[in-house]
Amino acid sequence: MNIQELKERLGSELNQTWEKVQDSSLYLKAKDAFENLTPPMQKTVSVGSVLLLLYLVLSLPFDLYFKSADFEGEFVAKRTMIRDMLKVSRETAQTPELPVPPGVEELRNRVQQDLQAARILPEQVKSVSVSPPTGKLIPADLSQGEVHVALEQLNLRQVIDIGFQLQNLIPTVKLKDMSMVANQKDSRYFDVIYRLSVLSIPDFAALNEPAETPKKAGQ
C-alpha cells in the first residue's frame with residue numbers, strides 16, 4: 001500500500017466517523033442548542049471550543065516536555081551521586097591502612113630513646129610517665145592511654161623540634177596537647193609537658209586470620 005492509498009483510506013475512515021457523529025443524538029441536541037443561541041453567544045461558544053481544542057492539542061506535548069525535564073534532572077542527580085560514590089570508593093581503596101598502635105609502655109620506651117637521640121640531657125628530662133586517657137578531645141574508648149613527656153630548660157628551637165618529632169612519631173600516636181612555661185631559674189628557657197595519646201585501633205589482619213582447628217587426640 002502506497003502513501004496515496006493510505007491517505008485515501010484515512011480520509012474515508014474520517015468521513016465515515018464524522019457521519020456517524022452527525023447522526024448521533026448527542027450531536028443533534030448540541031447542534032439544536034447552538035442554533036438557538038444568539039449570535040454573540042454562538043461566537044463565544046465557537047471561540048471557546050477552538051481554545052479548548054487548542055488546549056487539548058498543546059497540553060500533551062507540554063506535559064511530555066515537563067516530564068522529560070523531570071526525568072533528565074533525576075538522571076543527572078543519580079549520575080552525580082554514582083560518580084561521587086565511585087570517587088569515594090577509589091579514594092578509600094587508595095588510603096593506606098594505619099599501622100597497629102604500640103602499647104603505652106612501648107611508646108614510653110620509644111620516646112625515651114628518641115630523647116636520647118635528640119641529645120636531650122638527662123637533667124632536662126623531668127619525667128616520661130604513663131597516664132590513663134584524659135580530656136574530651138579523644139574519647140576514652142578510642143585511646144589506650146597517654147604518655148606525658150615533661151622536659152625542662154629547653155630553648156625555643158628544642159621546643160619546636162621535639163614537638164614536631166613527637167607529632168610525627170607514629171601515625172596512631174597523636175600529640176594531644178602541650179603546656180609551656182618559662183623556667184624559674186632562667187627565663188630564657190622553657191619547661192614543657194607534651195601529652196601523647198595512643199589510639200586504640202584493632203589489628204584487622206589478626207582478626208581476619210582463620211582460627212586454628214583444634215587437633216584431635218592422638219594426632
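These legends go with a set of close-up views of one predicted model.

**Before you start: how to read the views.** Residues are numbered from 1 along each chain as its sequence is written, and side-chain values use heavy atoms, with hydrogens and water left out. Because the model is predicted, local features need pLDDT of at least 70 and side-chain atom pairs count only at pLDDT 80 or more, while totals for chains, interfaces and linings use all residues.

**View 1. The whole protein, with 6 helices and 4 strands.** Helices (H or I, at least four residues) and strands (E, at least two) are DSSP runs, numbered from the N terminus. Along the sequence they follow the pattern α-α-α-α-β-β-α-β-β-α. The average pLDDT (the predictor's confidence in each residue, from 0 to 100) is 79, and 82% of the residues score at least 70. Please read residues 204-208 with care: pLDDT stays under 50 there, and the model has 1 contact beyond four places in sequence for them. A contact here means heavy atoms within 4.5 Å. Of the 219 residues, 18% are buried, where buried means under 20% relative accessible area, exposed over 50% and partly exposed in between (1.4 Å probe, protein chains only).

**View 2. Helix H4 and its buried face.** Val-104, Leu-107, Val-111, Asp-114 and Leu-115 are the buried residues to look for in H4. They cover an arc of only 100° around the axis, which puts them on the same side of H4; the arc is that of the directions from the helix axis to the C-beta atoms. These buried residues pack against E1, E2, H5, E3 and E4. Turned away from them are the exposed residues Glu-106, Gln-113, Gln-116 and Ala-117. Just after H4, Arg-119 takes a positive phi of about 65°.

**View 3. Helix H5, from its cap to its buried residues.** At the N-terminal end, Asn-155 caps H5, with a side-chain oxygen 3.2 Å from the backbone nitrogen of Arg-157. Val-159, Ile-162, Gly-163 and Leu-166 are buried. Seen down the axis, these residues fall within an arc of 100°, so they line one face of H5. Their packing partners are helix H4 (104-117) and strands E2 (143-154), E3 (173-182) and E4 (190-199). Arg-157 and Phe-164, on the other side of H5, are exposed.

**View 4. The largest nonpolar core, around Val-149 and its neighbours.** Such a core is a set of buried Ala, Val, Leu, Ile, Met, Phe, Trp, Tyr and Cys residues joined through side-chain atoms within 4.5 Å. This one has 21 residues, and Val-111, Val-149, Tyr-194 and Leu-196 have the most contacts inside it. H4, E2, H5, E3 and E4 each supply at least two of its residues. Not counting residues up to four places away in sequence, Val-149 touches Val-111, Leu-115, Ser-127, Val-128, Val-192, Ile-193, Tyr-194 and Leu-196.

**View 5. Asn-183 in the loop between E3 and E4.** Asn-183 counts as buried because its relative accessibility is 8%. A polar atom of its side chain lies 2.9 Å from the backbone nitrogen of Lys-185. Beyond its neighbours within four places in sequence, Asn-183 is in contact with Gln-153, Tyr-189, Phe-190 and Asp-191.

**View 6. Ser-129 in strand E1 (residues 125-131).** With 31% relative accessibility, Ser-129 counts as partly exposed. Ser-129 and His-148 are 19 residues apart in sequence, yet 5.3 Å apart in space, C-alpha to C-alpha. Leaving aside neighbours within four places in sequence, Ser-129 is in contact with Arg-108, Glu-146, Val-147 and His-148.

Terms used: A polar contact is a pair of N or O atoms within 3.5 Å; within protein, one must be able to donate a hydrogen and the other to accept it, and residues adjacent in sequence count only if both atoms are side-chain atoms.
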